[in-house]
Amino acid sequence: MKLEGLRVVDLSLFLPGPLMTQFMADHGAEVIKVESIHEGEPNREIGAKRDGVSVYFANTHRGKQSLALNLKDPAGVEVLMRLAARSDVMVEAFRPGVAERLGIGYAQVAKRAPRIVYASIAAFGQSGPYRDIAAHDLATEAMTGVLSLNRGGDGKPAIPALANADMLASMMTLSGVLMALYRRKETGKGDYLDMAMADCLLACLPNNMGVAMTERRQPDLKEERALGGNALYGIYETKERDFVVLAGQELKFAKNLLEPLGRPDLVALCALPPGRGQDPVREFLQQTFRTRTKAEWVAWFKGRDVAFAPMRTLPESLDDPHFKARGMVLKDARGWDHLGVPIRFADEPARPSFDPPAHGQHTCAILRSLGYADGEIAQLKAKGVVADASL
């Protein structure tokens, strides 16, 4: 696999860092999750569980090892430093300044591990006026203006279903780490990544920044092509109060839809700029979609070249034959569902291991690999520096 031979030390929590390092584990990296000796990873206890294992944890920590370590003890810091010296990547998501206070910031780690690629993921980054604000995904979506664009039919902002800042930070950090590893092949030196979730959100708004940049004006969602202003890019209610979407604004799609529905006169309106000029098209489609059920519309659209899709529930997506065929819904020997690996290589594809680690499951093995004798390990455990599920 592509990342075989790499060792990754993951000190992050919740979603951005853990998902990023899981993708690395899926592609062959050895990922060691460093957890506190007491609570461990919070998402072990979040949401629905199967045999005591949360689905959230299973979908962010499969194939990893768990080292339960007290980083507030100098002996625990020494364990981490020895591990860093034998590793390629370190990822942390403490609030800014915490890693340095613990003695495990980049400058401190790099003295022992000059080849380390070290990534810090924070809500607003390691610098700037918002550096010390406590925040998770929703706060960064609010502060960057993303939430102001995510409004329902009542005009009020709604909590996005996707943790956009978390996910974008995860993927951009993965990209940055891989860039740094590629460069290290030439220089022999590691590097430091200061990744801000808010920065990642802003960087992904090029298609919605038009009038904000040219006029310092908030976009009118009813006039924006991707936010509700285009009649052929929207959500429509069906007869049984379910929903379907149109998701293609090209005129060929307008013609392929409106002509069979008996309204070729409306095609020209679809060429107008997004906004109220397309209201007659929108009103016609609203009325028309309410005349049939979602299933009837799915049958009607079959074979027609129109960007159309029914709205699915999460259980429906898990049972969808397309996602199963693509390997995005996998089952293990226990019959548990797992999310698949979206990074697909023709050569050396991912081979995910579906077993998430118990808290501290690999502590003893990792310490032995770092040169600690069994007596030393017992002393560390007695002092509360480490915990091991097998001890």
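These notebook entries record what I looked up in a predicted model, with most attention to helix α8.

**Entry 1: the chain.** I began with the whole chain, which has 391 residues, 45% of them buried. I counted 17 helices and 14 strands in the chain. Along the principal axes, the C-alpha atoms fill a box of roughly 85 × 50 × 40 Å. The exposed area is about 20,000 Å², and carbon and sulfur atoms supply 55% of it.

**Entry 2: the span of α8.** I then turned to α8, residues 164-187. I asked what span its 24 residues should have at 1.5 Å a residue. The expected value is 34 Å, and the end C-alpha atoms of α8 are 34 Å apart, so the two agree. After α8 comes Gly188, with a positive phi near 75°.

**Entry 3: the buried side of the question.** Which residues of α8 are buried? I noted Ala165, Asp166, Ala169, Ser170, Thr173, Leu174, Gly176, Val177, Ala180, Leu181 and Arg184. Their cover includes the helices α1, α6 and α9 and the strands β6, β7 and β8.

**Entry 4: α6 against α8.** I looked up how α6, residues 137-144, packs on α8, and found an angle of about 95° with the axes 7 Å apart. Angles of 65 to 115 degrees count as roughly perpendicular, and therefore α6 is roughly perpendicular to α8. At this contact, Asp137, Thr140 and Glu141 of α6 meet Asn164, Ala165 and Asp166 of α8. I sorted these residues by class and recorded 3 charged, 2 polar and 1 nonpolar. Two of the names from α8, Ala165 and Asp166, are also in my list of buried residues.

Terms used:
Residues numbered from 1 in each chain as written. Predicted model: local features only at pLDDT ≥ 70, side-chain atom pairs only at ≥ 80, totals over all residues. Heavy atoms only, no water. Axes fitted to C-alpha atoms, helices over the stretch in contact; angles between N-to-C directions. Helix = DSSP H or I, 4+ residues; strand = E, 2+ residues; numbered from the N terminus. Parallel < 35°, antiparallel > 145°, perpendicular 65-115°, else oblique. Contact = heavy atoms within 4.5 Å. Nonpolar A, V, L, I, M, F, W, Y, C, P; charged D, E, K, R; others polar. Expected span 1.5 Å × (residues − 1). Buried < 20%, exposed > 50% of the residue type's maximum accessible area, 1.4 Å probe, protein only. Areas by Shrake-Rupley, 256 points an atom, 1.4 Å probe, with all protein chains shown as cover.
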